[in-house]
Amino acid sequence: MNFALTDLTPLLPEIFLLAAVSFILIFDLFLSDEHRYITYILSLSTLLGCGWLTFSGAGGGVVYAMHGMFVNDMLADVLKLMVYFSVAVTMVYSREYIRVRGMFQGEFFVLMLFATLGMMVMISASHFLTLYMGLELLSLSLYALVALQRDSAVAAEAAMKYFVLGALASGMLLYGMSMLYGATGSLEIAKIAAVLQQGLGNNTVLVFGLVFVVAGLAFKLGVAPFHMWIPDVYHGAPTAITLFIGTASKIAALGFVLRILAQGLQSLSPDWQSMLVIMAVLSMAVGNITAIAQTNFKRMLAYSTISHMGFLLLGLLAADINGYTSAMFYMISYVFMGLGSFGMILLLSRKGFEADKLDDLKGLNQRSPWYAFMLLLIMFSLAGIPPTVGFYAKLSVLQAVIHAGYTWLAVVAVIFSLIGAFYYLRVVKLMYFDKPHDMTPIAPQGDMRVLMSANGLGMLVLGIVPQPLMALCAYAIGKSL
């Protein structure tokens, strides 16, 4: 096979990130602890460079590279820009938290950047091998990040659970991919789609392979009944890592799902729609009902994530452009909400104090009315209360699922959403109506203060004017799928 340097042009952001993270890895060896902030600045600069390369190359149509194993299209560009943004915000939110806990090391930033590279590969993969390579690069980095706090037994246990269950899910996904290869004779997503459209594949093998693939995807999204890792990992991992897992990696998971289901296996949608219906109902039920009983804020948000991923499936199971657009809008909105909710835990935490219990939020309005208002907007958005963006996100997936003929499912989703509103509003009640246990002043760094305020107000602004973001999602989906 001939190889041309022009094949590398669509991969410039990935090449730049790999070169930069290799440089940071070596450069960090020569830095003392008091100069470690240079690694932090270099990491943020790397994300900025990736953003510029991706943005400057956006809008060029669908371009395949590396003999069809890599694709650069509008969907990849938008999702990658969202990944850069969420990783950069995570680094800013986490800086003081990891500094006082002895985690402000080169390993933290290098692993986050390697995980980001894995996400980028997942988002732009057009071949099952490329998808799997990106997934494993992301997963291995996340396992190491969860266990980074080596003197914490809870973090080590969470990392072990994540590794074992993640390996099981990867095995199921790989087995499903091998069955799809056996049925279609190809690992390239476009060729698999062409074979399925012509009805040439072995239907029995295809359905079995589909079941394993959907199970693997469900684990990565964290939907029931493959959700068992989420509460323990979210709770056990340092909050900075929980924030990373709960936001940026979800964007990559959405890209992963869209590449496989919407592009490769669209012809099998009647088969995978029924599976998504079951998982959506289970996720909303398990997530919303179990979250009510939680006293730990991180575990409550973990079960909240499960319920939100169930809502995301509502858009995906519509199996049309409208549904995929709604799912993409929902995921981006959820990432903003996740950044704000876990970011608030980081803001309230200090040395020797995690601020991860619901009781730690009592009387927050008396300590800081402004941050209490920011968290109120975030909780309202998670609950889907207008005029926040969460309301419009849920409305968009509900109209998509009704348009697809699943009216009963929309009714079920609304009922579980009402149940979920209880534990979100309970947080508001604790902040505004309970007396504080601790009156320690809240004094975050200037950059975090500005970013958290923008994060909270963004919930309101995007809820009032959601059209630009929705139009961007529709444009990306329409140009790519």
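Is Ile-26 buried or exposed? At 52% relative accessibility, Ile-26 counts as exposed, because the cut-off for that class is over 50%. This residue is found in helix α1, which covers residues 12–27. Together with Leu-25, Leu-29 and Phe-30, Ile-26 makes a nonpolar patch on the surface, of about 490 Å².

Before I go on, a word on confidence. What you see is a predicted model. The mean pLDDT of the protein chain is 89, and 98% of the residues score at least 70. Helix α1, where Ile-26 sits, has the highest confidence, at a mean of 94, and β1 has the lowest, at 84.

Now the interior. In soluble globular proteins, nonpolar side chains tend to be buried together. The largest nonpolar core here has 169 residues. The members that touch the most others are Ile-260, Leu-265, Trp-272, Leu-314, Leu-316, Met-328 and Met-379. Helix α14, residues 321–348, supplies the largest share of this core, with 18 residues.

Take Trp-272 as one of those members. What is Trp-272 in contact with, leaving aside neighbours within four places in sequence? The partners are Leu-210, Val-214, Leu-261, Leu-265, Gln-266, Leu-316, Leu-317, Ala-319 and Tyr-324. Leu-265 and Leu-316 in that list are also named among the core members that touch the most others.

Next, helix α9, residues 229–236. Of its 8 residues, 6 are buried, so the helix is mostly covered. Those buried residues are Trp-229, Ile-230, Pro-231, Val-233, Tyr-234 and Gly-236.

The loop between α8 and α9 holds Pro-225. The peptide bond from Ala-224 to Pro-225 is cis, with omega near 5°. Another cis peptide bond joins Pro-386 and Pro-387, with omega about 5°. Pro-387 is placed in the loop between α16, residues 369–383, and α17, residues 389–403.

Staying with the backbone, look at the loop between β1, residues 63–65, and β2, residues 70–72. Met-66 is in this loop, and so is His-67. Met-66 has a positive phi, near 55°, although it is a residue other than glycine. His-67 is not a glycine either, and its phi is positive too, at about 55°. Met-66 is partly exposed, with a relative accessible area of 28%; His-67 is also partly exposed, at 43%.

Last, the charged side chains. How many salt bridges does a search of the whole structure find? It finds 14. In one of them, Lys-161 meets Glu-157, at 3.0 Å from N to O. Both residues lie in helix α6, residues 153–184, and they are 4 residues apart, about one turn of the helix. Lys-161 is partly exposed, at 30% relative accessibility, and Glu-157 is partly exposed as well, at 42%.

Asp-356 forms a salt bridge with Lys-357, and the closest N and O atoms are 4.0 Å apart. Here Asp-356 counts as buried, at 10% relative accessibility, whereas Lys-357 is partly exposed, at 47%.

In the salt bridge of Asp-359 with Lys-362, the closest N and O atoms are 3.7 Å apart. Asp-359 counts as partly exposed, at 41%, whereas Lys-362 counts as buried, at 18%.

Finally, back to the pair in α6: salt bridges with shared partners join Glu-157 and Lys-161 with Asp-232 and Arg-299 into one network.

Methods. Residues numbered from 1 in each chain as written. Predicted model: local features only at pLDDT ≥ 70, side-chain atom pairs only at ≥ 80, totals over all residues. Heavy atoms only, no water. Buried < 20%, exposed > 50% of the residue type's maximum accessible area, 1.4 Å probe, protein only. Helix = DSSP H or I, 4+ residues; strand = E, 2+ residues; numbered from the N terminus. Core = buried A, V, L, I, M, F, W, Y, C linked by side-chain atoms within 4.5 Å. Contact = heavy atoms within 4.5 Å. Patch = residues over 30% accessible without salt bridge, like charges linked within 9 Å, V, L, I, M, F, W, Y side chains within 5 Å. Areas by Shrake-Rupley, 256 points an atom, 1.4 Å probe, with all protein chains shown as cover. pLDDT = per-residue confidence, 0-100.
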